[in-house]
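Reader: I'm new to this one. Could you walk me through how to read it?

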Amino acid sequence: MRRVISAIVLNEHGVLSRIAGLFSGRGYNIDSLTVAPVPDSEFSRVSIVTSGDERVFEQIVKQLHKLIPTYKVIDSGEYVEKEMVLVKISLNEDFSGLDAILKSYNGSVANANENYIIVMACDNASRIDCFIKVMKKYNPIQIVRSGSVMMEV
Amino acid sequence: MKRLNGSQMISEALKHEGVEFVFGYPGGAALNIYDETYKQNYFTHILTRHEQAAVHAADGYARASGKVGVAFVTSGPGFTNAVTGLATAYADSIPLVLISGQVALPLIGTDAFQEIDAVGISRPCVKHNFLVKTIDELPRILKEAFYIARSGRPGPVHVDVPKDVTAAIGDFVYPDEIKMQTYKPTTKGHPNQIKKACEAISKSKKPILYLGGGAINSNASDEIRKFAATAKIPAVLTLMALGVLRSDDELNLGMVGMHGSYAANMALSESDLIICLGARFDDRVTGKLSEFGKNAKVIHVDIDPSSIGKIVNAEYPIVGDLKNVMIELNDKIDIKDDIFKPWRDQIEIYKKLHPLGYKDSDEVLKPQWVVQNIAKITGEDAIIATDVGQHQMWVAQFYPFNEPRHLLTSGGLGTMGYGLPSAVGAAWASDKPVIAVSGDGGFLMNIQELMTLVANKKRVINIILNNNFLGMVRQWQTFFYEERYSNTDLSIQPNFVKICEGFGGVGFSVKTKDEFKAALKKALELDTVSVIEVKIDRFENVLPMVPAGAAIYNMILE
Ligand SMILES: Cc1ncc(C[n+]2csc(CCOP(=O)(O)OP(=O)(O)O)c2C)c(N)n1
């Protein structure tokens, strides 16, 4: 089962490897992990997408709590979840329909040069999955996903 | 405000923490720290002969004294040698602080001489670790290190200090108080949960106390004894809890688990309410999980929330320091009459059916007899350190531990080579006789520590139960590998007597009961290190035994 967790941790060196080590050392899955400082504070916010049963999930939450630099773990309630993806497409492709697709996925053109355009979309993870599927018809050269960030509502 | 260099700050911090002894081994990156160690007179530094042993000694000191153990090592190989010590202490939740030297900050990341990513390596083996990056943060980090090591669920903390930080000068203000926003262990059990637990106990018919190492870590022995005695609830003990109840306490059913007593394993299996106090349902205790405590509800008291519900679901989880929780429980529990008498009567039958025992012999020394006679001759008042293997289990089964902190043994990690160095630590923690019981395999793993003891004129008696085998592994090969003794035969072993003499100690080699008694009495009169090599029955097995993966009520009894 897919799960999302956020942790607020002290923004100190080594904290990310403590978190990553916790997952790898115990054999828990990480589907995605994003980290950035919380503005105007000494904390960072870590957003983790993982999968596992109830018991594994409970342990992940407890073990995250157990880390000394962990201030808070947010594991329940409703979230807004967003993930970003960048897709690079050759200019030689036929772009018919691209505009409509971008529109329906909160997408836009992020960059273009004489060889490629890079489009982006921002949405929840499963919609990003769909977007990538749809984009396949333009034979993407490269796809980069950001991993999810979430905020409790 | 004092202006001090980093090494002076370390000494000052140790003084503030009341540290009396540091075990360690010097080297390039630790030179400044060692220079200051030479100049100060706050603590005594004991030079071990290996870094692993320095950390085990700090660990043994901590277990025997209840204080935080401290060790110093240098960078690179000094640190990597110390890792087994950290992992051992971590597995048993032992409070200690390891201070390691590191190459100077500008060299970090350059593959400099004796550089290693120490905090990267120690991370999974410690409760917490720090790489000190500026002199300004050093006092705070040292304060936090000691605080983290001893509070909550205790554990080892590693502080890696680059050489230039040990020389840099800064303001020294040792914080009086800890202000950690993120680390606040829960020490008081939730009153509602405690109330519910009391109700569950009064409603149960077959309650059992399942005591673990947390009972010793939180010094809760008195409160647990009181609780057991008032409610008249029988108890089983893990290896790590031996001594929490007196061995002759009627309620004490002895050790539980793979080599536990029949009564303990049966009682735990048939209980309807397992009252787990500072234990963690280790697989060596539970055996086959699906068969474990099938009809029981669980009260689980632990300082570490992540221990609760990890292996076994707890209907009544209580997070808190065990001593505090026991005080509350003693206050709230209200059991009228002796309602658990029928249950205890049932257990009494189990006790009589298969008591712990062995077939004694006058031809060949039996290890169990040796262990019993260590107790007799020392008046049951020695501190016993063990290695890992059969002898460890015989000590657990046959030595009557009556007080906490008298058994030093690596329960969680099962570290061979732990016995002698932890006895080194205990020799500085206590005035009682310290006896290390080892196998012939494990004793060789840190034998160099005889030197530490001889050099410091400390008496530790090393009893080697010599079966010329890696006995415990040989036992598994006997039962489960059709006696294919792959690489466990130690027929060729050194002359332990001469080795000990070579270190400057005294050696005995014994084959009979009388020789053993005489040797131990003599060793107790010496004021130096001794080795008593006891030639025991080569093929003696530790029984009962629960085969790995079987239910704990399915014991091989003979
Ligand atoms: C460092 C380490 N290596 C290997 C083991 C695996 N092991 C557990 S018990 C044992 C045999 C111990 O033999 P010995 O020290 O002679 O003691 P005995 O079992 O004979 O009492 C071994 C090899 C271990 N626990 N620790």
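Author: Sure, we'll take the ground rules, then the interface, the ligand and a few details inside the chains.

Author: This is a predicted model, where local features need pLDDT of at least 70, side-chain atom pairs count only at pLDDT 80 or more, and totals for chains, interfaces and linings use all residues. Residues are numbered from 1 along each chain as its sequence is written, chains are lettered from A and ligands numbered from 1 in the order in which they are written, and side-chain values use heavy atoms, with hydrogens and water left out.

Reader: What is the secondary structure of chain A?

Author: Helices (H or I, at least four residues) and strands (E, at least two) are DSSP runs, numbered from the N terminus. Chain A has 4 helices and 8 strands, and they come in the order β-α-β-β-α-β-β-α-β-β-α-β. Its C-alpha trace spans about 55 × 35 × 30 Å along the principal axes.

Reader: How much area do chain A and chain B bury between them?

Author: The size of an interface is often given as the accessible area lost when the parts come together. Buried area here uses a 1.4 Å probe and is summed over both parts. For chain A and chain B that comes to about 1,600 Å², with 47% of it on carbon and sulfur atoms. A:Arg18, A:Arg55 and A:Ile68 supply 41% of the area that chain A buries against chain B, more than any other three residues. Counting contacts (heavy atoms within 4.5 Å), 18 residues of chain A and 21 residues of chain B take part.

Reader: Which residues form a salt bridge across that interface?

Author: A salt bridge needs a side-chain nitrogen of Lys or Arg within 4 Å of a carboxyl oxygen of Asp or Glu. The rule finds 1 between chain A and chain B: A:Lys66 pairs with B:Asp304, their closest N and O atoms being 2.9 Å apart. On the chain A side, α1 (15-26), α2 (54-66) and β4 (70-74) each supply at least two residues that touch chain B. α2(A) gives the most, with 6 residues.

Reader: And how many salt bridges are there over all chains?

Author: There are 38. One joins B:Asp59 to B:Arg63, with 2.6 Å between the closest N and O atoms. Both residues sit in helix α3 (residues 51-65) of chain B, 4 residues apart, about one turn of the helix.

Reader: Now the ligand. How many residues surround it, and which are the closest?

Author: A residue belongs to the shell if one of its heavy atoms lies within 4 Å of the ligand. That gives 17 residues, the closest being B:Gln390, B:His391, B:Gly414, B:Gly442 and B:Gly471. In chain B, α16 (390-398), α18 (440-443) and α20 (471-480) each supply at least two residues of the shell.

Reader: Which backbone atoms lie by the ligand's oxygen atoms?

Author: A backbone N or O atom of B:Gly441 lies 2.9 Å from an oxygen atom of the ligand, and a polar backbone atom of B:Phe469 is 2.9 Å from an oxygen atom of the ligand too. The protein covers 76% of the 580 Å² of accessible area that the ligand has on its own (Shrake-Rupley method, 1.4 Å probe).

Reader: Last one: where is B:Val388 found?

Author: B:Val388 is in the loop between β15 (383-386) and α16 of chain B. Leaving out residues up to four places away in sequence, B:Val388 touches B:Ser410, B:Gly414, B:Thr415 and B:Met416. The C-alpha atoms of B:Val388 and B:Gly417 are 7.7 Å apart, with their positions 29 residues apart along the chain.

Definitions and conventions. Buried area is the accessible area (1.4 Å probe) that two parts lose on being put together, summed over both. A polar contact is a pair of N or O atoms within 3.5 Å; within protein, one must be able to donate a hydrogen and the other to accept it, and residues adjacent in sequence count only if both atoms are side-chain atoms.
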